[in-house]
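User: I am new to this structure. Please take me through it in short steps.

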Amino acid sequence: MIDQKWPLGLKILTATAALLVFVAGCLVFLYAPREIVMGEVQRVFYFHVASAWVGMLSFVVAAVAGVMYLVRRTRTWDLVGVSSVEIGMVFGLIAIVSGSIWARPVWNTWWTWDPRLVTTTIMELVYAAYVLLRQGVEDPERRARFGAVYAIVGVLTVPITFLSIRFLRTIHPVVIGSGDAAAQGGFDMTPPMLQTFLFSLLAFSVMYFALLLHRVRLARRAEALEMRRADLAMA
Amino acid sequence: MPAAERSLPAGRPARGSFVRAVGAIVWKDLAAELRSKELISGMLVFALLVVLVFNFALELDVRARQSVTAGVLWVTFAFAGTLGLNRSLALERDGGCLEGLLLAPVDRSAIYFGKALGNLAFMVIMEILVLPVYSALYNVNLFQPLLLVVVALGSIGYVALGTLLSAMAVQARTRDVLLPILLFPVVLPVLISAVKASTGVLQAVPMDEIWPWLNLLIACDVIFVAAGYMVFDFVVEE
């Protein structure tokens with residue numbers, strides 16, 4: 001039986017995440033300077049990269065949860081996997097949409113077939129396939145096994161897809177590390193920008209873990225409800 | 001003592017018996033196909049239809065052909081391949097043969113390799129039949145040794161993942177729609193590198209521009225075969 005109230009740790013984590021994201025928002029709009037070439041639209045960058053990072057992080061977490069499930073066979077790991085996938089799907093979408101908003105004025109197009117864009121999209125499709133796979137399997141134990149296997153296969157193939165498209169030329173700017181000479185819309189970060197950027201990454205990561213715990217808790221409660229219903233039906 | 005009992009190995013099956021088990025499964029698939037011929041004929045007719053559709057969709061004139069032949073070929077192989085994979089594993093499931101295979105005292109990975117090799121055989125047969133037809137229809141010579149190597153390597157990667165995922169798909173309620181949805185996003189690196197390598201061969205670009213794609217293709221094959229070998233146990237366990 002799961003307690004109705006949030007446990008103390010979850011309360012603290014949720015409050016911290018909310019506070020961090022709020023501060024990150026303030027930093028993005030009030031502290032970070034206006035980028036000289038691109039103007040205000042550059043401010044998308046901070047949450048865009050942070051969302052993309054959470055999207056990838058949840059992919060890796062789902063695969064690790066998959067491995068752990070296959071080894072340990074505990075329901076919790078399965079719940080972590082599916083929760084991570086659902087959160088990753090949302091943040092991947094945020095990354096794609098915010099990127100498009102930025103790309104429209106800077107690249108003069110909503111979309112281009114760049115490795116990063118395509119890889120993020122493929123990742124979303126793998127997530128979608130994962131969800132569809134789980135919907136198609138009724139037996140919970142089998143559903144958990146299949147989900148775990150697919151998450152592992154997905155995490156193997158997405159980086160190779162990225163590599164294979166990267167052989168072709170890219171125009172996506174690489175802000176961290178060295179970029180391609182053909183990249184458009186790149187910029188050098190001033191210290192306030194870098195601080196804002198790193199802070200956003202931190203805030204989004206904490207938010208991810210808070211959401212993950214909430215989602216796992218929700219899944220647990222749904223399960224408990226299911227069990228109680230079955231008990232009532234029996235009685 | 002009955003013969004069946006005597007042939008059971010005491011502990012873990014020896015390597016010889018592993019190869020024999022794989023061979024037996026491949027042989028079973030090929031023999032069944034030789035009698036019914038429904039899998040290959042289905043794949044082949046479908047593949048030719050896809051080529052036909054492309055012909056009108058893309059207006060495959062001489063100039064367009066130069067750049068899109070490899071793409072058309074691989075899309076054809078991938079679509080027809082899905083058809084074959086679905087059928088091959090659905091046969092096992094419908095006849096209750098999967099249970100029989102799982103009860104057999106062989107390593108589960110032998111079942112994986114057996115099915116994968118059988119699927120590879122069907123895929124290669126389909127490709128060997130499509131290539132001359134395409135060559136004749138469009139007056140291009142597709143029988144270049146390097147292109148055949150690329151086709152073989154691409155098919156290995158495709159079938160390695162496809163066998164694993166179709167084993168999952170046939171056990172799901174939504175099996176008919178599920179396989180392409182599961183397979184295409186993850187098999188993409190194989191298709192990309194195969195298309196790029198094939199285009200390179202057909203346009204006769206220097207070898208050092210083809211090698212990166214070939215290497216990538218080989219790396220994909222190794223990774224996907226290894227992944228299938230490692231996780232197939234979990235897909236078929238009951």
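**Where the chains meet**

Analyst: Start with a pair of helices in this predicted model. The axes of α5 of chain A (residues 140–166) and α9 of chain B (residues 207–236) come within 10 Å and cross at roughly 175°.

User: Are α5(A) and α9(B) roughly parallel or roughly antiparallel to each other?

Analyst: Their axes cross at roughly 175°. Angles over 145 degrees count as roughly antiparallel. Therefore α5(A) and α9(B) are roughly antiparallel.

User: Which residues of α9(B) make the contact with α5(A)?

Analyst: From α5(A) come A:Arg145, A:Val149, A:Ile152, A:Val153, A:Leu156, A:Ile160 and A:Ser164. By class, this helix contact has 12 nonpolar, one polar and one charged residues. On the α9(B) side stand B:Leu216, B:Cys220, B:Ile223, B:Ala227, B:Val231, B:Phe234 and B:Val235.

User: What is A:Val149 in contact with, leaving aside its neighbours within four places in sequence?

Analyst: A:Val149 belongs to the α5(A) side of the helix contact. Its partners, with those neighbours set aside, are B:Met168, B:Val231, B:Phe234 and B:Val235.

User: Which helix gives the most to the side of chain B that touches chain A?

Analyst: The whole contact takes 25 residues from chain A and 22 residues from chain B. On the chain B side, α8 (175–202) and α9 each supply at least two residues. The top contributor there, with nine residues, is α8(B).

User: How do the residues of that side of chain B divide by class?

Analyst: Chain B brings 22 residues to the contact. They divide into 18 nonpolar, three polar and one charged.

User: Which helix gives the most to the largest nonpolar core?

Analyst: In soluble globular proteins, nonpolar side chains tend to be buried together. Here the largest nonpolar core has 133 residues, and those with the most contacts inside it include A:Leu133, A:Val149, B:Leu161 and B:Leu217. With 15 residues, the helix that gives the most to this core is α8(B).

User: How many helices does chain B have?

Analyst: Read along the sequence, chain B runs α-α-α-α-α-α-α-α-α. There are zero strands, and the helix count is nine.

User: What radius of gyration does chain B have?

Analyst: The C-alpha atoms of chain B fill a box of roughly 70 × 35 × 30 Å along the principal axes. A compact globule of 238 residues would come near 18 Å. The value for chain B agrees with that: 19 Å.

User: What share of the residues of chain B count as buried?

Analyst: A residue counts as buried if 20 or more other C-beta atoms lie within 10 Å of its own. Of the 238 residues of chain B, the buried share is 44%.

How values were computed
Residues are numbered from 1 along each chain as its sequence is written. Chains are lettered from A and ligands numbered from 1 in the order in which they are written. This is a predicted model: local features need pLDDT of at least 70, side-chain atom pairs count only at pLDDT 80 or more; totals for chains, interfaces and linings use all residues. Axes are lines fitted to C-alpha atoms, for helices over the stretch in contact, and angles run from 0 to 180 degrees between N-to-C directions. Helices (H or I, at least four residues) and strands (E, at least two) are DSSP runs, numbered from the N terminus. Angles under 35 degrees count as roughly parallel, over 145 as roughly antiparallel, 65 to 115 as roughly perpendicular and the rest as oblique. Two residues are in contact if their C-beta atoms, placed from the backbone, lie within 7 Å. Ala, Val, Leu, Ile, Met, Phe, Trp, Tyr, Cys and Pro count as nonpolar, Asp, Glu, Lys and Arg as charged, and the others, Gly among them, as polar. The radius of gyration is taken over C-alpha atoms; the globule rule is 2.2 Å times the number of residues to the power 0.38. A residue is buried if 20 or more other C-beta atoms lie within 10 Å of its own, exposed if 12 or fewer, and partly exposed in between; C-beta atoms are placed from the backbone. A nonpolar core is a set of buried Ala, Val, Leu, Ile, Met, Phe, Trp, Tyr and Cys residues joined through C-beta atoms within 7 Å.
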